[in-house]
Structures are given as structure tokens and as C-alpha cells.
Amino acid sequence: MDQDTIDLVACDESHLDGALRLSREAGWPHRREDWAMLLSLSHGFVALQGDDVVGTAMLTPFGDTCATINMVIVAASTRGRGLGRRLMDAALEACGGRECRLIATAEGVPLYEKLGFHATHEIRQHQGIPAPLPDDAAISAMDLGWADPAEFSAVVELDRLALGMDRRPLLKLLAESGRIAVLREAGQVVGYAALRQFGRGEVIGPVIADTPEQAQALLTFVIASRPGAFLRVDTPEWERLSPWLAARGLAAVGGGIAMRRNQASPKPIGPAKPFALASQALG
Ligand SMILES: CC(C)(COP(=O)(O)OP(=O)(O)OC[C@H]1O[C@@H](n2cnc3c(N)ncnc32)[C@H](O)[C@@H]1OP(=O)(O)O)[C@@H](O)C(=O)NCCC(=O)NCCS
């Protein structure tokens with residue numbers, strides 16, 4: 001088997017079954033629908049050996065300034081022969097001059113470092129079926145609820161201030177395929193949390209708020225809406241959220257290394273910041 005016989009082509013719907021097989025082999029929980037959602041937001045690349053998908057990578061642009069690279073997988077039998085680098089080169093070419101972000105597995109870090117990425121922080125993954133939540137008077141007194149469609153623009157703006165990139169197309173998809181909860185103060189949206197089907201169950205994220213207390217209130221509201229459901233939260237604020245999540249039955253099960261390349265876009269303006277990711281793929 002010669003690596004030269006492996007072609008890189010644009011990923012389309014017809015490659016998703018092969019891509020799904022690769023992610024399952026890598027132990028990732030994505031469903032076909034999760035791949036399809038990512039592809040709808042991304043430039044996808046697949047490595048084909050004959051008709052077999054033996055590698056994948058996606059570049060998800062967020063406006064002209066930022067992008068994420070995700071779903072970088074090479075079939076175990078073809079690893080260590082330069083295919084990961086070829087897929088990354090294709091994704092980086094599609095990235096152009098944008099700042100590029102990704103969440104790396106330990107296996108991916110050496111490849112990304114060689115391509116100019118540097119680690120910025122750690123992400124922790126929590127998941128499980130939460131125990132029934134105790135009443136919390138402080139949270140009950142807060143103005144929490146499902147977002148009104150008229151609040152969507154406020155959610156997008158809050159997200160932009162927290163992340164420093166425009167994720168409107170992603171947030172539109174999340175609003176259509178899932179639900180968005182908001183925290184209001186004096187009638188204004190000051191935090192939000194999205195909920196959608198993903199992998200083995202459902203993901204809560206992004207969660208954007210000013211403070212850990214606000215993030216916990218949003219998480220409490222969303223968790224209470226899904227009794228008995230298997231929920232997942234990926235948090236960059238693990239120092240402040242991990243003990244809280246674990247105490248509610250969402251055990252720490254792993255994580256990833258957040259990395260950046262070509263960091264050029266304006267810094268987030270805040271004070272809102274991310275307490276949970278949309279996913280490790282999308283940041
Ligand atoms: C990470 C992964 C995509 C790498 O694919 P690959 O085809 O084996 O990588 P390549 O052969 O192109 O290697 C690219 C470079 O990274 C280096 N590299 C790759 N894996 C490495 C490792 N585990 N340790 C040290 N260096 C490594 C190679 O030496 C190579 O360097 P070079 O170009 O200077 O020779 C592959 O191991 C994989 O699919 N892992 C499982 C899924 C995963 O974790 N993906 C990363 C998601 S963030």
C-alpha cells in the first residue's frame with residue numbers, strides 16, 4: 001500500500017459513512033448527523049484510498065478573521081506516513097490568513113506544534129446523567145428562560161464579545177436544531193446556554209456568561225429541563241466549574257488541549273466569556 005495512491009478530495013455527503021466509521025474507530029462519539037452539521041459549516045477534506053475514506057479534516061471558518069480545524073483523523077493502518085500533515089496542509093490552505101483554533105488530543109499535539117500551533121489552555125470534558133438538582137434560592141430568583149426569537153441577535157452579539165469571532169451561522173443552526181436558554185438582567189441578555197443532541201446524548205454548550213455563578217445558573221436551568229438525559233459539557237473554565245459539574249453527576253472523563261496559530265484577530269471584549277464549548281470541534 002503506497003501513500004501516493006491516496007487522494008485528497010473535498011468532503012461531501014457521500015463520504016459521511018466512511019468518515020463516521022473513522023471517528024468510531026478512533027473512539028469518538030459523533031453520529032452521522034453530527035458530521036453532517038459540521039460539514040454544513042465547513043470546508044471538509046477526505047483522503048481516499050480507492051473508495052475507502054482513510055483520513056478526514058475540516059476547516060470551519062467564522063467570518064474572515066477566525067476558523068477552527070476539526071475532525072482530523074487518519075485510519076490507524078495509514079498513520080505515521082504523512083497523511084495527517086497532508087490533510088492539515090489542505091485545511092490550513094482553506095484557512096487562509098485567519099487565526100486558526102483547535103482542540104487537540106494528546107496524539108494530535110506533535111503534528112500541530114510542527115505546523116505552528118501553540119497550546120493556550122486545557123479543556124475538560126464532563127458527562128453523565130445528572131442527579132436531581134437541589135433547590136437553590138439564588139438561582140430561582142434569577143430571570144432564566146428559553147430565548148425568545150427576538151433575543152437571537154443579543155445572543156450572537158454576546159457570543160462575539162466573548163469569543164472575538166462571529167459565530168452567527170453556528171448559533172442559527174443550534175437554535176434550529178436545539179434550544180437556547182438565556183439569563184436576563186434588567187431585561188437584557190447577559191448569558192446564554194445552548195442544548196442539542198450530540199453523540200451519546202446531548203451537549204450543553206456554548207455557555208457564555210460573565211461569572212461562574214451565572215454559568216452555573218444557566219447550566220442548572222438546562223439540566224433541570226432534561227431529567228434522566230445523558231448530558232455532556234466541555235469546559236475551559238474547569239478550575240471553577242469541574243467540582244460543581246462532578247457534584248451534579250457529570251463526571252470528568254477526559255479533555256483536550258486548546259491550541260492557536262496565527263493569533264491575529266482582536267481580543268475578546270468581554271466581560272462575557274466561554275464557560276462551555278459548542279463542541280471540541282467548534283470551540
Ligand atoms: C493525529 C493523527 C491525525 C496524525 O496522523 P498521521 O498521518 O499519523 O500524521 P503524519 O504521519 O502526517 O505525521 C505528521 C507529523 O507529526 C508527527 N507525529 C505524528 N504523530 C506523532 C506522535 N504521536 N508523536 C510524535 N510525532 C508525531 C510526525 O512525525 C510528522 O512529522 P514530520 O512531518 O515532521 O515527519 C493520527 O494519529 C490520528 O488520526 N489519531 C487519532 C485521532 C486523533 O487524535 N486526531 C487528532 C485530533 S485533534
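1. Asn262 and its loop. In this predicted model, Asn262 sits in the loop that joins strand 12 (251-261) to strand 13 (273-276). Its phi is near 60°, a positive value in a residue other than glycine. Most residues other than glycine have a negative phi. Asn262 is partly exposed, because 17 other C-beta atoms lie within 10 Å, and a residue needs 20 or more to count as buried.

2. Met71, a second positive phi. Met71 is not a glycine, yet its phi is positive, at about 55°. This residue belongs to strand 4 (residues 66-74). Is Met71 buried or exposed? Met71 is buried, since 28 other C-beta atoms are found within 10 Å. The two residues may therefore be set side by side: Met71 is buried, whereas Asn262 is partly exposed. The backbone at both positions deserves a look in the structure above.

3. A cis peptide bond. The bond from Gly205 to Pro206 is cis, with omega near 0°. In general, most peptide bonds are trans. Pro206 is part of strand 10 (residues 201-209).

4. Overall form of the chain. The protein chain has 9 helices and 13 strands. Its radius of gyration is 19 Å, close to the 19 Å that the globule rule gives for 283 residues, so the chain is as compact as a globular protein of that length. Along the principal axes, the C-alpha atoms fill a box of roughly 65 × 40 × 30 Å. Of the 283 residues, 46% count as buried. Among contacts between residues at least 6 apart in sequence, 74% join residues at least 24 apart.

5. Domains and their contact. The domain assignment gives domain 1 (3-97) and domain 2 (125-255 + 262-276). The centres of domain 1 and domain 2, taken over C-alpha atoms, are separated by 28 Å. Each side brings residues to the contact: 10 from domain 1 and 10 from domain 2. On the side of domain 1 that touches domain 2, helix 2 (residues 32-41) gives the most, with 3 residues. The residues of that side of domain 1 divide into 5 nonpolar, 3 polar and 2 charged.

6. The nonpolar core. The largest nonpolar core has 88 residues. Which residues have the most contacts inside it? They are Ala57, Ala91, Tyr192, Ala193, Ile204, Val207 and Leu218. Helix 3 gives the most to this core, with 8 residues. Domain 1 (3-97) and domain 2 (125-255 + 262-276) each supply at least three residues to the core. For Val207, once neighbours within four places in sequence are left aside, the contacts are Ala193, Ala215, Leu218, Leu219, Phe275 and Ala276.

7. Surroundings of the ligand. How many residues surround the ligand? There are 18, and the closest are Arg79, Gly84, Thr105, Gly108 and Pro110. At least two residues of the shell come from each of strand 4, helix 3 (83-95) and helix 4 (109-114). The shell is made up of 8 nonpolar, 5 polar and 5 charged residues. Two of these elements appear elsewhere in this note: strand 4 holds Met71, and helix 3 gives the most residues to the largest nonpolar core.

8. Val53. This residue is found in strand 3 (residues 52-62). Val53 is buried, because 22 other C-beta atoms lie within 10 Å and 20 or more are required. Leaving aside neighbours within four places in sequence, Val53 is in contact with His15, Gly18, Ala19, Leu22, Val46 and Leu48. Val53 and Asp7 stand 46 residues apart in sequence, and their C-alpha atoms are 9.8 Å apart in space.

9. Leu195. Strand 9 (residues 188-198) contains Leu195. Leu195 is buried, as 23 other C-beta atoms are within 10 Å. Beyond neighbours within four places in sequence, its contacts are Gly178, Arg179, Glu202, Ile204 and Val222. Of these, Ile204 is also among the residues with the most contacts inside the largest nonpolar core. Leu195 and Lys114 are 81 residues apart along the chain, and 35 Å separate their C-alpha atoms.

Conventions:
Residues are numbered from 1 along each chain as its sequence is written. This is a predicted model: local features need pLDDT of at least 70, side-chain atom pairs count only at pLDDT 80 or more; totals for chains, interfaces and linings use all residues. Helices (H or I, at least four residues) and strands (E, at least two) are DSSP runs, numbered from the N terminus. A residue is buried if 20 or more other C-beta atoms lie within 10 Å of its own, exposed if 12 or fewer, and partly exposed in between; C-beta atoms are placed from the backbone. Two residues are in contact if their C-beta atoms, placed from the backbone, lie within 7 Å. A residue is near a molecule or strand if its C-beta atom, placed from the backbone, lies within 6 Å of it. Ala, Val, Leu, Ile, Met, Phe, Trp, Tyr, Cys and Pro count as nonpolar, Asp, Glu, Lys and Arg as charged, and the others, Gly among them, as polar. The radius of gyration is taken over C-alpha atoms; the globule rule is 2.2 Å times the number of residues to the power 0.38. Domain bounds come from an automatic or database domain assignment. A nonpolar core is a set of buried Ala, Val, Leu, Ile, Met, Phe, Trp, Tyr and Cys residues joined through C-beta atoms within 7 Å.
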